[in-house]
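Please read the following walk through the structure with the sequence and the model side by side. The account begins at a single loop and then widens, step by step, to the rest of the model.

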Amino acid sequence: MIKKWILLLAVVFLAIPAFGADNNEIVQEQTVQNKIDDIGTKLLNANKIQKRIMFVYDKADKKSLLKLDTKHTSRRVFLYDGAYKFTENDDEIAAFLAREIVIAAKSFDEAFKGGLNSLEIAASPKKYEVIADKLAVDLMVNAGYNPLGLITYINKTVPQRRYDFISNKNLASKRLAFIYEYIYNKYPYFLVNNEYIENEHYQNFLLNSQSNRRLLMQKIKSGSTEKVKYE
Amino acid sequence: MNKLFGILLIGILCFAGCSVFASEIIQDELVKEFLLDKQIEKPEPFLNYNYENTDVVEIKLAIVDAIKSENDIYENQPVKFRVLSDVHYKGRVIIKRNTIVPAKVDVIIRSGMNGIPASIIFGNFEFEGINKHLISDRYEVRGQDRSLLVFPLKWALTFLPPTGSLTNFIKGGHARINPKKVVKIYYHPKWIMNNEQEEI
């Protein structure tokens, strides 16, 4: 009889920490979900986006390769743990969400209730990657976030490819240069009053973008309006 | 005396340490050279919104100078629009006909393969006496969308490889706008918290 009681107690004591761990994980997920809901909804409201877009935090590190990517059609923004772990502050979370909001919002306009737009984005991701970056800067500024967070986020998360002329992605350095130029032209306040100047990732961007920033300097000095061929 | 000397020494070492750290920070030459001497306003975010009210005022505009192609313009280029008719709100004229409205070319999307059209996104419409945050201030002009032709053709030719892939090379139409094209912008006069209500 005593043996049975001991066994029962042992089972109960062993089970409690397991439930506790599960509970902690759920609470943690809820905290992240609430955070991205707040930031995402603030981006939508501050930018007067009259389209229903929802935000989903997913613990999965990587999307299954066999699973069809539905982000262009489902009007949902997925923030995977693999992407979330790189974010340091609200600016960077807003940067990620703002880019995805631009793409999701496009799926509401034009023919077939946005169906054709979604198809075009899927067929030409390289072109829309840069558009999403630029429009994300506007969304961030309107919602009170620092757009330099987009630069640090991309600098940390997007690997530098060797070439991009046969790829469906742009070189990360090119994207960063276009974002920098967009901020320089439209929101120079953030560069003059730079809160990120001592941020290691921003410094790393400055270090790696020397040649591209020199090209931009030449463009500004010459007063040219041509598109700069960034590397 | 020794104590004072010690404090001074520590102070000097601290300042020297700080200056070494400061010299490691890469400064942005572009900002120093082109922006520091300019008067730059802080962009104000739009956070005092209140979307209870459903009032909406349509503003009809037309571009002053025609744009024949997205290749003729550049991003951040100033453009001018003209108000086509008096704009009324609560029985009062709030914007007069023929008022010139400055705006900017926000983003240009070049035409692409698969019949994807070019686009010009106009923004930053500036109406005198109207809070810019209360205007749905983006307007997109798209070129001819040939993807409607390309995608079905591509799928139909799937059984004859590589003919389907050849449709990739069909490019979309150029984005153009002329003064006859009516551009509609919407003004929401009450989309702001009561204590910051617009005076109109």
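In chain B, K90(B) is found in the loop between β3 (87-89) and β4 (92-95). The model is a predicted one, and in it K90(B) has a positive phi of about 50° although it is not a glycine. Most residues other than glycine have a negative phi, and most peptide bonds are trans. As for its surroundings, K90(B) has 9 other C-beta atoms within 10 Å, and it is exposed because a residue with 12 or fewer such neighbours counts as exposed.

A second residue of chain B invites a similar reading. N114(B), which lies in the loop between β5 (100-109) and β6 (119-123) of chain B, has a positive phi of about 60° and is not a glycine either. With 19 C-beta neighbours inside 10 Å, N114(B) counts as partly exposed. Chain B also contains a cis peptide bond, which joins P161(B) and P162(B) and has an omega of about 5°; the place of P162(B) is in the loop between α3 (147-156) and α4 (163-166) of chain B.

From the loops of chain B we can turn to its strands. Strands of a sheet pair through backbone hydrogen bonds, either parallel or antiparallel. In chain B, 7 strands form an open sheet in the order β7-β9-β1-β2-β5-β6-β8, and the pairing is antiparallel. The edge strands of this sheet are β7 (135-136) and β8 (139-142) of chain B, each of which pairs on one side only.

Within the sheet, strand β1 (residues 57-63) of chain B is joined by 5 bridges to strand β9 (residues 183-187) of chain B, and there V57(B) stands opposite Y187(B). The strand β1(B) is also joined by 3 bridges to strand β2 (residues 78-83) of chain B, again in an antiparallel arrangement, with F81(B) in β2(B) as the bridge partner of I63(B). Further along, 5 bridges join β5(B) to β6(B), where V107(B) stands opposite I121(B).

Where does chain A meet chain B? The contact involves 34 residues of chain A and 27 residues of chain B. Among the elements that give two or more residues to the chain A side are α1 (2-46), α4 (115-123) and α7 (172-186) of chain A, while α5(A) gives the most, with 6 residues. By class, this side of chain A has 20 nonpolar, 7 polar and 7 charged residues.

The interior of the model deserves a look as well. In soluble globular proteins, nonpolar side chains tend to be buried together. The largest nonpolar core here has 76 residues, and those with the most contacts inside it include L43(A), A94(A), L97(A) and I101(A). Helix α3 (residues 90-106) of chain A supplies the largest share of this core, 11 residues. Leaving aside its neighbours within four places in sequence, I101(A) is in contact with L43(A), L44(A), I49(A), I53(A), V77(A) and L139(A).

Last comes helix α6 (residues 148-157) of chain A, of whose 10 residues 8 are buried, so that this helix is largely enclosed by the rest of the structure. Its buried residues include L148(A), I151(A), Y153(A) and N155(A). What encloses them can be named element by element, since the buried residues of α6(A) pack against α3, α5, α7, α8 and α9 of chain A.

Terms used:
Residues are numbered from 1 along each chain as its sequence is written. Chains are lettered from A and ligands numbered from 1 in the order in which they are written. This is a predicted model: local features need pLDDT of at least 70, side-chain atom pairs count only at pLDDT 80 or more; totals for chains, interfaces and linings use all residues. Two strands pair if DSSP finds at least two bridges between them. Helices (H or I, at least four residues) and strands (E, at least two) are DSSP runs, numbered from the N terminus. A nonpolar core is a set of buried Ala, Val, Leu, Ile, Met, Phe, Trp, Tyr and Cys residues joined through C-beta atoms within 7 Å. A residue is buried if 20 or more other C-beta atoms lie within 10 Å of its own, exposed if 12 or fewer, and partly exposed in between; C-beta atoms are placed from the backbone. Two residues are in contact if their C-beta atoms, placed from the backbone, lie within 7 Å. Ala, Val, Leu, Ile, Met, Phe, Trp, Tyr, Cys and Pro count as nonpolar, Asp, Glu, Lys and Arg as charged, and the others, Gly among them, as polar.
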